[in-house]
Amino acid sequence: MLEVKDLHVSVDGKEILKGLSLTVNAGEVHAIMGPNGAGKSTLSSVIAGKDGYEVTAGSITFEGRDVLEMEIEERARAGLLLGFQYPVEIPGVKNIYLLKAALNAQRAARGEGEIPAPEFMKLVKEKLAFMKMDPSFLQRAVNEGFSGGEKKRNEILQMLVLEPRLAMLDEIDSGLDIDALKVVAEGVNSLRSEERAVLMVTHYQRLLDYIVPDKVHVLLDGRIVKSGDKDLALELESRGYEWVQEESAA
Ligand code: ADP
Ligand code: MG
Ligand code: MG
């Protein structure tokens, strides 16, 4: 589904990703772990098409298409979605309008008409209930006055409504109490299917107790230096990253 090959990315002339390769197949959940500043957020941002990143070498393909040739909106329509692509507060724009606009843009790209209002309300209410969110959320401006946990839930709500082919989640666990973490994890788990894949960036193993990944990768200094299954995350939790660094340098 997603193939990243020997990717080199610079920000402001500084090389951040230094030959990163990664393959994600449909149906899989991958976790990217690594210390602060390793380049984890850079990777998902580049895949999603955010501004400010210069790809100097390598390739990214998604279902055979050259992602680097696609505009950010095209990527979203193709089903590549990074949570919180709208991370900022958008004063005055109600959550429900953003959700509907995003869904209709996706439908238009598939040659489908706008979703009928009753159908949309039914869909959103079902997903809200699943995320244990109050319906008043829909009427609030995007992220305005949202707590950290509310933002995360909202991010997953967006994913549940848009049903991306590849859902990318960056530090979805940061700042969540255990109850919120469980709700968020249930939301992500409900996205799992044969046609979809999930790429999660996380610092902590704790999240992976609730969202069990098929593959775990260690990103160190701009490269994936080790891959394994969920046990690798446990090993990182107990041993840190230094041994991986030494192993990869040897
Ligand atoms: P991680 O998510 O693994 O903590 P990031 O991808 O956020 O790492 O950042 C990797 C490196 O790139 C860091 O050294 C960071 O300071 C730098 N970096 C990221 N984004 C920018 C930017 N917009 N401008 C300058 N430096 C950046
Ligand atoms: Mg960072
Ligand atoms: Mg980061």
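**Group meeting: helix packing, sheets and a ligand shell**

Good morning. The axes of helix H3, residues 95–109, and helix H5, residues 148–162, approach within 10 Å and cross at roughly 35°. The sense of that crossing is right-handed. On the H3 side, the contact is made by Asn95, Leu99, Ala102, Leu103 and Gln106. H5 contributes Asn154, Gln158, Val161 and Leu162. By character, the residues of this contact divide into five nonpolar, four polar and no charged. I should state at this point that we are looking at a predicted model.

Let me follow the chain out of H5. The loop between H5 and S9 contains Glu163. Its phi is positive, about 45°, although Glu163 is not a glycine. Glu163 has 15 C-beta neighbours inside 10 Å and therefore counts as partly exposed.

After that loop comes strand S9, residues 166–170. Is this strand enclosed or open to the outside? Five of its five residues are buried, so S9 is largely enclosed by the rest of the structure. As a general point, side chains in a regular strand alternate between the two faces of the sheet. In S9, Leu166, Met168 and Asp170 point one way, whereas Ala167 and Leu169 point the other way, and all of them are buried.

The pairing of S9 comes next. Strand S6, residues 80–82, pairs with S9 in the parallel sense over three bridges. Within that pairing, Leu82 has Met168 of S9 as its bridge partner. S9 also pairs with strand S10, residues 197–202, again in the parallel sense, over five bridges. There, Leu166 stands opposite Ala197 of S10.

Beyond S9, Glu171 is found in the loop leading to helix H6, residues 178–191. Glu171 has a positive phi of about 50° and is not a glycine. With 19 C-beta neighbours inside 10 Å, Glu171 counts as partly exposed; the cut-off for a buried residue is 20 or more.

I turn now to another sheet. Four strands form an open sheet in the order S2-S1-S4-S5, with antiparallel pairing. Strand S2, 14–24, and strand S5, 65–66, stand at the edges with a single partner strand each, so one side of each has no neighbour in the sheet. Helix H1 packs on this sheet and touches S1, S2 and S4, its direction making about 70° with that of S2. At the S5 edge, two bridges join S5 to strand S4, residues 54–62, and the two run antiparallel. Phe62 stands opposite Arg65 of S5.

Within strand S1, residues 2–11, I would single out Asp6. Which residues does Asp6 contact, leaving aside its neighbours within four places in sequence? They are Gly19, Ser21, Ala57 and Gly58. Asp6 has 13 C-beta neighbours inside 10 Å and so counts as partly exposed. Asn36 is 30 residues away from Asp6 along the chain, and their C-alpha atoms are separated by 21 Å.

Asn36 brings us to ligand 1, since the residues around that ligand include Asn36. The others are Val11, Asp12, Ile16, Gly34, Gly37, Ala38, Gly39, Lys40, Ser41, Thr42 and Gly52. Which element supplies the largest share of this shell? Helix H1, residues 40–48, does so, with three residues. The shell divides into three nonpolar, seven polar and two charged residues. H1 thus appears twice in this account: in the shell around ligand 1 and packed on the sheet.

Thank you for your attention.

How values were computed. Residues are numbered from 1 along each chain as its sequence is written. Chains are lettered from A and ligands numbered from 1 in the order in which they are written. This is a predicted model: local features need pLDDT of at least 70, side-chain atom pairs count only at pLDDT 80 or more; totals for chains, interfaces and linings use all residues. A residue is buried if 20 or more other C-beta atoms lie within 10 Å of its own, exposed if 12 or fewer, and partly exposed in between; C-beta atoms are placed from the backbone. Two residues are in contact if their C-beta atoms, placed from the backbone, lie within 7 Å. A residue is near a molecule or strand if its C-beta atom, placed from the backbone, lies within 6 Å of it. Ala, Val, Leu, Ile, Met, Phe, Trp, Tyr, Cys and Pro count as nonpolar, Asp, Glu, Lys and Arg as charged, and the others, Gly among them, as polar. Axes are lines fitted to C-alpha atoms, for helices over the stretch in contact, and angles run from 0 to 180 degrees between N-to-C directions. A crossing is left-handed if the near helix is turned anticlockwise from the far one by less than a right angle, and right-handed if clockwise. Two strands pair if DSSP finds at least two bridges between them.
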